[in-house]
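Thank you all for coming; I would like to walk you through one model this morning, beginning with a single side chain and then moving outward.

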Amino acid sequence: MIYERYVAAWENLDVEDYLACCHEVYEMTFHSTGKVLTLADFDTDQLASWMVSSKSESKRLIYENDDILVEHKITLHEDGNRTATLMVHLKKDGLLWRTETGVTPLPPKD
């Protein structure tokens with residue numbers, strides 16, 4: 001399964017390995033805006049910046065099989081905001097193919 005590799009790439013700030021987890025026709029849809037990014041839209045410098053600026057806690061794999069990966073985490077943003085993030089990834093050929101995110105703002109941590 002791909003969850004461990006994908007998470008390790010993010011945590012190790014390994015942009016190349018992270019992108020290698022994505023199918024060549026990968027798309028990510030942002031729930032909040034409806035914006036869709038394709039693999040060609042990912043700027044490696046921007047992705048590296050995202051990796052550095054957001055940290056996760058309470059990260060967990062909810063479910064993964066050959067077709068789907070569902071994960072949940074609390075994301076800590078550089079500006080101090082916290083969000084609960086649910087990500088659903090459809091898989092194709094063992095790689096992440098289509099991703100949708102749903103994000104809920106959380107109160108600041110005491």
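Let me begin with Arg 82, whose side chain reaches the backbone oxygen of Pro 107 at 2.7 Å. Please keep in mind that this is a predicted model, in which local features need pLDDT of at least 70 and side-chain atom pairs count only at pLDDT 80 or more, while totals for chains, interfaces and linings use all residues. Residues are numbered from 1 along each chain as its sequence is written, and side-chain values use heavy atoms, with hydrogens and water left out.

Arg 82 is found in strand 5, strands being DSSP runs of E with at least two residues and helices runs of H or I with at least four, numbered from the N terminus. Because its relative accessibility is 15%, Arg 82 counts as buried, a term that means under 20% relative accessible area with a 1.4 Å probe and protein chains only. Leaving aside residues up to four places away in sequence, Arg 82 touches, among others, Glu 57, Ile 74, Thr 104 and Lys 109, where contact means heavy atoms within 4.5 Å.

Turning to the largest nonpolar core, a set of buried Ala, Val, Leu, Ile, Met, Phe, Trp, Tyr and Cys residues joined through side-chain atoms within 4.5 Å, we find that Tyr 6, Tyr 18 and Leu 47 touch the most other members of its 20 residues. Helix 1, helix 2 (15–20), strand 1 and helix 3 each supply at least two residues, and helix 1 gives the most, with 5. Tyr 6 itself touches residues including Tyr 18, Met 87 and Leu 96, again not counting those up to four places away in sequence.

Note on methods
Buried < 20%, exposed > 50% of the residue type's maximum accessible area, 1.4 Å probe, protein only. Polar contact = N/O pair within 3.5 Å; in protein donor to acceptor, adjacent residues only side chain to side chain.
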